[in-house]
Amino acid sequence: MHALRSPISRLAALAGLALALTAGQARAQIAIGDAVPMKDVKMLGVDGKSVTLASVAGKKGTLVVFTCDHCPWAKMWQTRVTEIGNAAGKAGIGMVAINANDPTDYPEDGMDGMKQRAKDLKIKFPYVVDATSDVARSFGATRTPEAFLFDADGKLVYHGTIDDSPKDASAVKDAYLKDAVNAVSTGKTVTTAETKSMGCSIKYRAKSTS
Amino acid sequence: MRAAARARYSLAMARPALPRLAVLAPAALLVLLAGCGHAPGSGASGKAAATPDTLPLEPVTAEQIHQRVREPGARATLVNVWASWCGPCREEFPSIVSLAERDRARGLRVLFVSADFEEQAPETRAFLASHHTPGPWLVKTGKDQEFIDGLDQRWSGALPVTIVYDPAGKPVQFWEGGADSARFAAAVEPLLTSQP
């Protein structure tokens, strides 16, 4: 038993040393005031057209929401995200929903599922695939849903969740994203710039070598 | 002779028949009772019978988790926040349960904290029971942001999240997303082998 445990312990200790160099860090995220990253990467949408973050930008700002189709949290907020996104477009803020998940383990997150969801929800903004997950990586996005709102100058002014009541839209007290969109579209300062909520971790594709 | 042989044969056949009947009778009774709805939790697979409907879930705030982490008696405390609907959480869960069993005597304390909603309590209980998870059976309570930042400012809210604390309650390892058994073992081993 001791003879067995000892090498295991030594291996584990070595692995622990390696781990100490890599763990303890959350994924680096863009910060308030940062510019839109990877804005010229083409992403294929459910309508068969490709867009870039630069091409979807509105005159007053850009709203980027990382989402997917299998996650219960994304599903709980999907109607509200659609309403906010559809309204944002009318208010001069370009909206794009990005699915960065690897559909290998979650077939619902494939293009067929996305098309169905876009149709069911009557989404009026691009719903696209981040085919390498590199756009999500460049944002430091970690979960679905996760929102990033940029102002007319392309600077990040809001990052976080949708609101404070994922499972009950009628119980929302703080409509963080909606308020932030309204502020940006009317030229006001976003009062709550960063929020958090739980969500499904983004299932990143294997890191690209490019 | 022929009659004697027949008698021996009859006796030989009768002997095993008695124990068979003894086994079959209660089984038939159980089936009958289950059909009548008198055997709660006893399913045909037998797995459902291991799901205690009364497994006590304990709501906890982030501060209450920190209090448990600081309680004496452990060389390392691993906190894992999971949800029954979360794929990576379900995948890594057995590894953590195995590690908890293996290293409990060496001073490892594991605190699983479910992020399921209140109405998902049956799923939470079923999952915990199916993995023979030792208690306490903790469930996150309160608003997300307060809980997330209260537990660890580095946490974005993505599930699962794992934090390993030293005996003083200082976090020494933190990561979001799923991990394998080697990573969990490596995260706690330095604390378990360190001098008290």
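Helices H3(B) and H6(B) are roughly parallel to each other, a description applied to angles under 35 degrees, with those over 145 counting as roughly antiparallel, 65 to 115 as roughly perpendicular and the rest as oblique. In this predicted model, local features need pLDDT of at least 70 and side-chain atom pairs count only at pLDDT 80 or more, whereas totals for chains, interfaces and linings use all residues. Residues are numbered from 1 along each chain as its sequence is written, and chains are lettered from A and ligands numbered from 1 in the order in which they are written.

H3 (residues 87-103) and H6 (residues 181-193) of chain B pack at an angle of about 30°, their axes lying 9 Å apart. Helices (H or I, at least four residues) and strands (E, at least two) are DSSP runs numbered from the N terminus; axes are lines fitted to C-alpha atoms, for helices over the stretch in contact, and angles run from 0 to 180 degrees between N-to-C directions. The crossing of H3(B) and H6(B) is right-handed, that is, the near helix is turned clockwise from the far one by less than a right angle, an anticlockwise turn being left-handed. H3(B) contributes Ser95(B), Ile96(B), Ser98(B), Leu99(B) and Asp103(B) to the contact, and H6(B) contributes Ser181(B), Phe184(B), Ala185(B), Val188(B) and Leu192(B); residues are in contact if their C-beta atoms, placed from the backbone, lie within 7 Å. Of the residues in this contact, 6 are nonpolar, 3 polar and 1 charged. In this classification Ala, Val, Leu, Ile, Met, Phe, Trp, Tyr, Cys and Pro count as nonpolar, Asp, Glu, Lys and Arg as charged, and the others, Gly among them, as polar.

A second helix pair in chain B is formed by H2 (residues 62-70) and H5 (residues 144-151), which pack at an angle of about 25° with their axes 8 Å apart. H2(B) and H5(B) are therefore roughly parallel to each other. Ala62(B), Glu63(B) and Ile65(B) of H2(B) meet Phe147(B), Gly150(B) and Leu151(B) of H5(B), a contact that comprises 4 nonpolar, 1 polar and 1 charged residues.

Chain B also contains an open sheet of 6 strands in the order E1-E4-E3-E2-E6-E7, with mixed pairing; two strands pair if DSSP finds at least two bridges between them. Strands E1 (57-60) and E7 (171-176) of chain B stand at the edges with a single partner strand each, so one side of each has no neighbour in the sheet. On average, neighbouring strands of this sheet are turned by 25° against each other, direction ignored. Within the sheet, E2 (residues 76-82) and E6 (residues 161-165) of chain B run antiparallel and are joined by 5 bridges, with Thr77(B) opposite Tyr165(B) of E6(B). H3(B) packs on the sheet, where it touches E2 and E3 (108-114) of chain B, and its direction makes about 150° with that of E3(B).

In chain A, 5 strands form an open sheet of mixed pairing in the order E5-E4-E3-E7-E8. Its edge strands are E5 (127-129) and E8 (156-160) of chain A, each pairing on one side only, and the twist averages 20° from one strand to the next. E3 (residues 61-66) and E4 (residues 93-99) of chain A pair in the parallel sense over 6 bridges, and Phe66(A) stands opposite Ile98(A) of E4(A).

The two chains meet through contacts of 22 residues of chain A with 29 residues of chain B. H1 (2-22) and E9 (199-201) of chain A each supply at least two residues of the side of chain A that touches chain B, and H1(A) gives the most, with 6 residues. This side of chain A divides into 9 nonpolar, 8 polar and 5 charged residues. E9(A) pairs in the parallel sense with E5 (residues 158-159) of chain B over 2 bridges, in which Gly199(A) has Ala158(B) as its bridge partner.

Chain A averages a pLDDT (the predictor's confidence in each residue, from 0 to 100) of 89, and 86% of its residues score at least 70. Residues 1-25 of chain A have a pLDDT below 50, and this stretch has 23 contacts in the model beyond near neighbours in sequence. Where pLDDT is low, the predicted coordinates should not be read in detail.

Backbone geometry includes a cis peptide bond between Thr144(A) and Pro145(A), with omega about -10°; Pro145(A) lies in the loop between E6 (143-144) and E7 (146-151) of chain A. Another cis peptide bond joins Gly135(B) and Pro136(B), with omega about 5°.
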